[in-house]
Amino acid sequence: MKETNKKGPRFNLTWIYVIIAVVLGWVFIKGNGGIFSSNSEEATYDEFKKYVESGYASKIEADKSNCNLKMYIVKGKEGKVLKKQSQNQSSLSEAYLEVSYPSNESLQSFIEKQQEAGNFTGDISYHEEKKGIWYYLIVNLLPLFIIVLLWLFFMGRLSGGKNGGGGGMGGIFSVGKSRARLVDKDGADKVTFADVAGQAEAKQEVQEIVEFLKNPKKYTELGGKIPKGALLVGPPGTGKTLLAKAVAGEADVPFFSMSGSDFVEMFVGVGASRVRDLFRQAKEKSPCIIFIDEIDAVGRARGKNPAMGGNDERESTLNQLLTEMDGFGTNSGVIILAATNRADILDKALLRAGRFDRQIHVDLPDLNERKEIFQVHLRPLKVDQSLNLDFLARQTPGFSGADIANVCNEAALIAARHNKRAVDKDDFLAAVDRIIGGLEKKTKVMTVEEKKTIALHEAGHATISWHLQYANPLVKVTIVPRGRALGAAWYMPEERQINTKEQMLDEMCATLGGRAAEDLFTGHLSSGAMNDLERITKQAYSMIVYMGMSDKLPNLCYYNNDEYSFSKPYSEATAQLIDEEVKRMIAEQYERAKAILTEHSEGHHLLAQKLVDKEVIFASDVEAIFGKRPWTSRSEELLKEEAEASGNA
């Protein structure tokens, strides 16, 4: 048995269109041109007098209140009076004329004369329509009332509807209300530190906030003050929002979640009003946590983008936020957390002591943290028992928590696509390749010459990286097109905290290996090296301009984050010298790459031919040609064995 829907119909914009259509239809039907219009016309007072004198009037009804009358026409003479005749004239009631006369006295005098002359033998009746004050109020105020209702309706929709400040006709009155989402301490979506994998240092930083919210007397009795705000800074996808929710879950307090863009509105003063309302609600539920995600949307440094003489709503919102953070007591139990990946553009007043005076860096996870994150995201998946988490963690250097979640989901989709009962290692490797390189395009048609050129290019990268100490160790090389790339090489970068000049030069030389191989062994230069050239050009400029790694410009850094500056922090002569140093550095590494390829040309050709034949080669194939790499670490050995086993499988 189906349940009856007890809810009434929901009002929407279609109702407005229906009402307008009905009103227009009614006007059309009742108008003079309507299909149901009455058999009547309007006439002037002079025409009325002429018709009465001609004996066309059967009776007259006059309204004394507004000096209007109806002259009913004698049957059979409608055609001599009415200017337009109805098609259904015979089926209608009596025809009449509507006339406005100057005064009751003049009308009475005229009718008496026509009665004496015998031109009018019918009856004349007078009546007075009495209209109360409500009639005039409705006639005068109803249109204005309808306009106000429509305005409130549309403004309510503009202010965000039910999800944003009240909705409906009440939306315009609640447009200044906070749009923060309250996550109650007893809610079903409660998050704790157990749900946050890795980030041990960041969790340790926020543990003090949790302890203060759980036991504030421990700090206040000693005169201590907890920081009012903590700013979570880190790359996208590292779990800043999740960590803030975990703080609220561990502290067992209400959690107000809001985005920085929710403060910004088209109406002047709305952002500041929402800030005030947010802090008012927070004080009522103290102790609690306010979390502002992507705070750079409202906290950008003031004065950088002047509003050309107009009012900058974002700056007024930021001013109100600064005021509120100083406006409540230090130990009031309201703590503000915010997240951003662009801390360098925030206003300095926002970061000063007493506001967001503690910055917690949420960095990309390292090897062990990636393993923990995999354990979290593999819980809902049916995985093969032989899956090695250490191998997956080593295969995903530089991946954020969101990237790892994407890898797990993509692996499950790939396994389902191949009708597997469990997700195995091959599915995860395919997912990593899919995310890094793009979708594999096996049907893309290439000529024999193009395939040979791509194989020489990728073999050049592999050959040089194998013979350089600080180049990233090779995992596998393929000439199967992926995404926009015609070929790709996978390397396992060493997770270093700092980079030396020698390491960066080796990486630059290995990147130039593809272009150098084309130049040496084909005699032509192709467009396939464009991405390589872009990377090494940016790297060379950063080494010389920012890191001071130039022989002619040693120990100088021209990095300038001052947005007020409209000029380079160096002269034109220095700019010319920088360009010359960049050209020299790249040219040296290019010649170095050509020398290495010339020395190992035979092995390079064997590697390229194997690529043409197999399309995919692994580190073991390179080792079979060039011998064991002298700088191979134990982790590289494990990686090579696992990649080889995966390739054979």
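Visitor: Are Tyr45 and Phe48 buried or exposed?
Guide: Happy to look at that with you, bearing in mind that this is a predicted model. A residue counts as buried if its relative accessible area is under 20%. Both Tyr45 and Phe48 fall in that class, so the word for each is buried.

Visitor: How many residues apart are Tyr45 and Phe48 in helix α2?
Guide: Helix α2 covers residues 45–53, and both residues belong to it. About one helical turn separates them, because their spacing in the helix is three residues.

Visitor: What kind of aromatic pair do Tyr45 and Phe48 form, stacked or edge-to-face?
Guide: Their ring centres lie 5.9 Å apart, and the angle between the planes is 25 degrees. Planes under 30 degrees apart count as stacked. The pair is therefore stacked.

Visitor: And what about the rings of Tyr51 and Tyr56: what is that pair called?
Guide: Here the centres are 6.2 Å apart, with the planes at 40 degrees. Stacked needs under 30 degrees and edge-to-face needs over 60. The angle fits neither, so this pair is tilted.

Visitor: What is the relative accessibility of Tyr56, which counts as buried?
Guide: Its partner Tyr51 counts as buried at 10% relative accessibility. Tyr56 is buried too, since the cut-off is under 20%. For Tyr56 the value is 15%.

Visitor: Which residue forms one aromatic cluster with Tyr45 and Phe48?
Guide: We have already met Tyr45 and Phe48 as a stacked pair. The residue that forms one cluster with them is Phe110.

Visitor: Which ring does the charged end of Lys59 sit over?
Guide: The charged end of Lys59 is 4.8 Å from the centre of that ring. The ring belongs to Tyr72.

Methods:
Residues numbered from 1 in each chain as written. Predicted model: local features only at pLDDT ≥ 70, side-chain atom pairs only at ≥ 80, totals over all residues. Heavy atoms only, no water. Phe/Tyr/Trp six-rings, centres within 6.5 Å; stacked < 30°, edge-to-face > 60°. Helix = DSSP H or I, 4+ residues; strand = E, 2+ residues; numbered from the N terminus. Buried < 20%, exposed > 50% of the residue type's maximum accessible area, 1.4 Å probe, protein only. Lys NZ or Arg CZ within 6 Å of the ring centre and 35° of its normal.
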